[in-house]
Structures are given as structure tokens and as C-alpha cells.
Amino acid sequence: MLIILVFIISIGFLVLGIRWWNTRRGISLVLLTPGFLVLLSIGYVVFNSWYHTDPNSLKFSVQKENQVYTVKGVWEKPLDAYRFPTDFIIFYVPNNAEITYVKRNRVKGYKNMNQKFLEESIKEWIKKEKPPKSSAQIFDIETSKKFSFSFILPDDIKGEDVRIYYAHTREEPMDALEFWFKKIELK
């Protein structure tokens, strides 16, 4: 109700500002300013609801030194404003061997977030995407323009046998979490 009232008042200010432009420019400018601010904020919300990053705007480079793999990622386009503060790295390792060491930047308040809900949400989404037969190992990572993470594979596992996905998380106001996945090739 308040938003509708502000919108109506802003339209009234715009109409009065335009009518008085030739006779009272100072008052007209004062009346036009709130209308432009409201239109600017509406434009911001509409643009950010429309703009989504896609998997093609994310590029990876992989380096291997001894048993340590380092993956560096960079977004070629700006990140969306409604992104979730954390994205996820998903490992599928043969024989469900566990990855014990993953070094990455984490969101400071991740432990305060509902971790179980987030991980369950991503597991539900993964089921829709026809996952490999091995179970998913999920690690959170801070969403940022440039990022890197490193990990060590178990001794008897080869890099080409492991499937790794980067899951980008988006949450628009009053909407459910959305994910998209991009495969990371270990070469």
C-alpha cells in the first residue's frame, strides 16, 4: 500500500513539475527530483530482475602441481545483483572416495546460514540434472568476480575420472533459489 501511495505522489509531482516548468523552474526542479528517483529505482529493480549471468560468462583455468589441483575462475561479465553470497563446488569421485582437502574462500557468515537447507536445495536440484552414479560432495565457495580453489584427490584417483561442477546460486527477492551448473574439466 505504501509503495502505491509513493508511486501516485511521485506521478503527481512529475505532472506538476512539467506543468510549472515554464513559469516556476526552481519549484519544478524540486518537484521533478522525487519522480526521477522513483523511476530510477524502478529501472534498477527491473534491470536486475532481467539480468542473469550465464555459464558462458564464467571461465576456468586448471593447474596441477604434484597432487594439488588449483582451479581459477573469472567472470567475464558483471555478476548479477541478486546472486546468493555463496556458490558451490560439486565433486563426483569414483567409488565415492572422499575429498578431504578443499581450500577456498568462504562466506564469513556461512555457519549462520541454514547450511542444511542450502545443501538439501542443491541436492534436489542435482537430482533433476541427471547426476553420475557416485554421490555428490558439496563445498561452499564465496561468490566473487575472481576466485580460486585448490584440492587434493585421493591417491588412487585420476583427474580425468573425477567430475567437478561449479554451481552458481541466484535468489531474487521473494523467490526460490535457482541454480545453474558448469562443468570444470581437469586436464
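Leu-16 has a relative accessibility of 34% and therefore counts as partly exposed. This residue belongs to helix H1, and its C-alpha atom is 44 Å from that of Lys-145, a residue 129 places away along the chain. The structure is a predicted model. The points below cover helix H1, two open sheets, the aromatic contacts and one residue of helix H3.

**Helix H1**

- Helix H1 covers residues 2-19. Its 18 residues should span 26 Å at 1.5 Å a residue, and the C-alpha atoms at its ends are 26 Å apart, so the expected and modelled spans agree.
- Ser-10, Leu-14 and Gly-17 are buried in H1. Viewed down the helix axis, the buried residues of H1 fall within an arc of 70°, which means that they line one face of the helix.
- An α-helix has 3.6 residues a turn, so residues three or four places apart point the same way.
- Ile-4, Ile-8 and Arg-19 are exposed, on the other side of H1.
- Leu-16, also in H1, falls between the two classes: a relative accessibility of 34% makes it partly exposed because buried means under 20% and exposed means over 50%.

**Sheet E5-E3-E7-E8**

- Four strands form an open sheet in the order E5-E3-E7-E8, and their pairing is antiparallel. Strand E5 (136-142) and strand E8 (178-184) are the edge strands, each pairing on one side only. From one strand to the next, the twist averages 25°.
- Strand E3 (residues 86-92) is joined to E7 by 5 bridges, and the two run antiparallel. Tyr-92 stands opposite Arg-163 in E7.
- Strand E7 (residues 163-170) also pairs with E8 in the antiparallel sense, over 7 bridges. Tyr-166 has Lys-182 of E8 as its bridge partner, while Ala-167 has Phe-181 of E8.
- Of the 8 residues in E7, 7 are buried, so this strand is largely enclosed by the rest of the structure.

**Sheet E1-E2-E6-E4**

- A further open sheet of 4 strands has the order E1-E2-E6-E4, with antiparallel pairing. Here the edge strands are strand E1 (58-65) and strand E4 (102-104), and each of them pairs on one side only.
- Neighbouring strands in this sheet are turned against each other by 15° on average, direction ignored.
- E1 and strand E2 (residues 68-75) run antiparallel and are joined by 8 bridges. Within this pairing, the bridge partner of Leu-58 is Trp-75 in E2.

**Aromatic contacts**

- The count of aromatic pairs in the model comes to 10. One of the pairs is formed by Phe-91 and Phe-151, in an edge-to-face arrangement with 4.9 Å from centre to centre and 70° between the planes.
- Phe-91 lies in strand E3 and Phe-151 in strand E6 (residues 146-152), so this pair ties together parts that are 60 residues apart in sequence.
- Phe-91 counts as buried because its relative accessibility is 0%. Phe-151 has a relative accessibility of 0% and so counts as buried.
- One aromatic cluster is made up of Phe-60, Trp-75, Phe-147, Tyr-166 and Trp-180. Two of its members appear above in strand pairing: Trp-75 as the bridge partner of Leu-58, and Tyr-166 as that of Lys-182.
- The charged end of Arg-24 sits over the ring of Trp-20, at 4.9 Å from the ring centre.

**Glu-119 in helix H3**

- Glu-119 is found in helix H3, which covers residues 115-128. Its relative accessibility of 27% is the reason that Glu-119 counts as partly exposed.
- The C-alpha atoms of Glu-119 and His-168 are separated by 13 Å, and these two residues are 49 residues apart along the chain.

How values were computed: Residues are numbered from 1 along each chain as its sequence is written. This is a predicted model: local features need pLDDT of at least 70, side-chain atom pairs count only at pLDDT 80 or more; totals for chains, interfaces and linings use all residues. Side-chain values use heavy atoms; hydrogens and water are left out. Two strands pair if DSSP finds at least two bridges between them. Axes are lines fitted to C-alpha atoms, for helices over the stretch in contact, and angles run from 0 to 180 degrees between N-to-C directions. The expected span of a helix is 1.5 Å times one less than its number of residues. Buried means under 20% relative accessible area, exposed over 50%, partly exposed in between (1.4 Å probe, protein chains only). The arc is that of the directions from the helix axis to the C-beta atoms. Rings of Phe, Tyr and Trp (its six-membered ring) pair if their centres lie within 6.5 Å; planes under 30 degrees apart count as stacked, over 60 as edge-to-face and the rest as tilted. A charge sits over a ring if NZ of Lys or CZ of Arg is within 6 Å of the ring centre and within 35 degrees of the ring normal.
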